[in-house]
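Let's take a walk through this chain together, starting with its overall build and ending at one helix. Keep the structure open beside you as you read.

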Amino acid sequence: MFFFKDESEKTGKEVIKNLYYFSENQMLDCNQYIIEDQSSNELILFDAGNGISMKGLFKGMEKFKLNYENITKVFLTHEHVDHVLGVYKLMKLLEDNPPEIFAYGETAKILEKGEERKILPVFFGLTARRFEVEIIPLKINDLSHLKEIEISPEFKFEIIYTPGHSLGSICYYESEKKVLIPGDLVFIGGSFGRYDFPGGSLNTLINSIKNVNNLDVKYLLPGHMGISDQGNQQIAYSYRMIQSINSFY
Ligand SMILES: [Zn+2]
């Protein structure tokens with residue numbers, strides 16, 4: 001499986017001022033987003049990727065003069081391998097000044113216990129060692145008691161619990177800038193997250209997409225595939241698609 005060795009540069013783009021997108025570059029990786037806090041020179045990372053792709057992220061960041069040593073916080077969308085394994089790599093690389101990790105409910109619990117089987121469900125047939133990381137218990141800031149969190153003076157995100165793809169799935173929503181980071185809830189082109197992993201549920205997923213469909217979104221920044229500046233239309237499209245699938249059952 002050569003793709004595990006893919007450390008090629010993650011292509012970056014500044015979506016809006018101080019918010020960057022770095023696209024996934026291989027199987028079992030994810031899109032990542034960075035907010036630059038120019039007042040403190042800190043970088044805030046959304047989702048950690050699979051670990052192997054971390055070097056590719058750093059290469060992509062260099063193009064924008066973003067230094068990974070300035071990453072002080074990591075916000076996770078959910079507990080799956082392709083979104084969280086990079087955390088362990090980052091904690092090791094930045095061990096003198098480790099970033100704070102934020103996650104919601106079940107995701108926070110899994111990472112605090114270091115439950116490899118919940119991060120890498122058995123049917124993937126993979127272990128963390130294949131990704132060159134070791135899953136260890138981590139101290140996590142649980143977001144489940146928060147409604148919103150100020151990430152920088154410019155960005156304040158609402159925390160929206162959106163299970164269905166997994167038990168610990170959330171969306172981050174910046175209402176002023178109309179930015180939604182939905183993890184694997186919805187993607188562009190009418191797609192939506194899988195609901196057949198442990199803890200997944202079609203009905204719950206439909207309900208979560210319905211909730212998000214009520215938000216005013218311009219920038220839709222999902223965990224996979226591309227991004228869109230037609231967020232409302234894209235979410236509505238995914239909502240229509242999942243309803244039509246549901247009508248078969
Ligand atoms: Zn996932």
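Helices and strands here are DSSP runs, with at least four residues for a helix and at least two for a strand, numbered from the N terminus. Counted that way, the chain has six helices and 12 strands. Please bear in mind that this is a predicted model.

Let's begin with the overall dimensions. Along the principal axes, the C-alpha atoms fill a box of roughly 50 × 40 × 35 Å. The radius of gyration is 17 Å, which agrees with the value near 18 Å for a compact globule, because the chain has 249 residues. Of those 249 residues, 45% are buried. Looking at contacts with a separation of 6 or more, 64% join residues that are 24 or more positions apart.

Now for the interior. The largest nonpolar core is made of 64 residues, and Val74, Ala103, Cys171 and Leu180 have the most contacts inside it. Helix 2 (residues 81-93) is the element that gives the most to this core, contributing six residues. Try picking out Ala103 in your viewer: beyond its neighbours within four places in sequence, Ala103 touches several residues, including Leu76, Leu111, Ile140 and Gly168.

Leu180 makes a good bridge to the next stop, a sheet. Its bridge partner is Leu220, in strand 12. Strand 11 and strand 12 pair in the parallel sense, over two bridges. These two belong to an open sheet of five strands, ordered 8-9-10-11-12, with mixed pairing. Strand 8 (148-152) and strand 12 are at the edges; each has a single partner strand, so one side of each has no neighbour in the sheet.

Our last stop is helix 6. Running from residue 231 to 246, helix 6 has 16 residues and reaches 22 Å from its first C-alpha to its last, close to the 22 Å expected at 1.5 Å a residue. Which residues of helix 6 are buried? They are Gly231, Gln234, Ile235, Ser238 and Ile242. These lie on the same side of helix 6 because they cover an arc of only 95 degrees around the axis. The spacing has a general background: an α-helix has 3.6 residues a turn, so residues three or four places apart point the same way. On the face turned away from the buried side, helix 6 carries the exposed residues Gln233, Gln243 and Ser244. And what covers the buried residues of helix 6? The cover includes strand 11 (179-181), helix 5 (202-212) and strand 12 (219-220).

Notes:
Residues numbered from 1 in each chain as written. Predicted model: local features only at pLDDT ≥ 70, side-chain atom pairs only at ≥ 80, totals over all residues. Expected span 1.5 Å × (residues − 1). Buried ≥ 20, exposed ≤ 12 C-beta atoms within 10 Å, placed from the backbone. Arc of directions from axis to C-beta. Contact = placed C-beta atoms within 7 Å. Core = buried A, V, L, I, M, F, W, Y, C linked by C-beta atoms within 7 Å. Pairing = 2+ DSSP bridges. Rg over C-alpha atoms; globule rule 2.2 N^0.38 Å.
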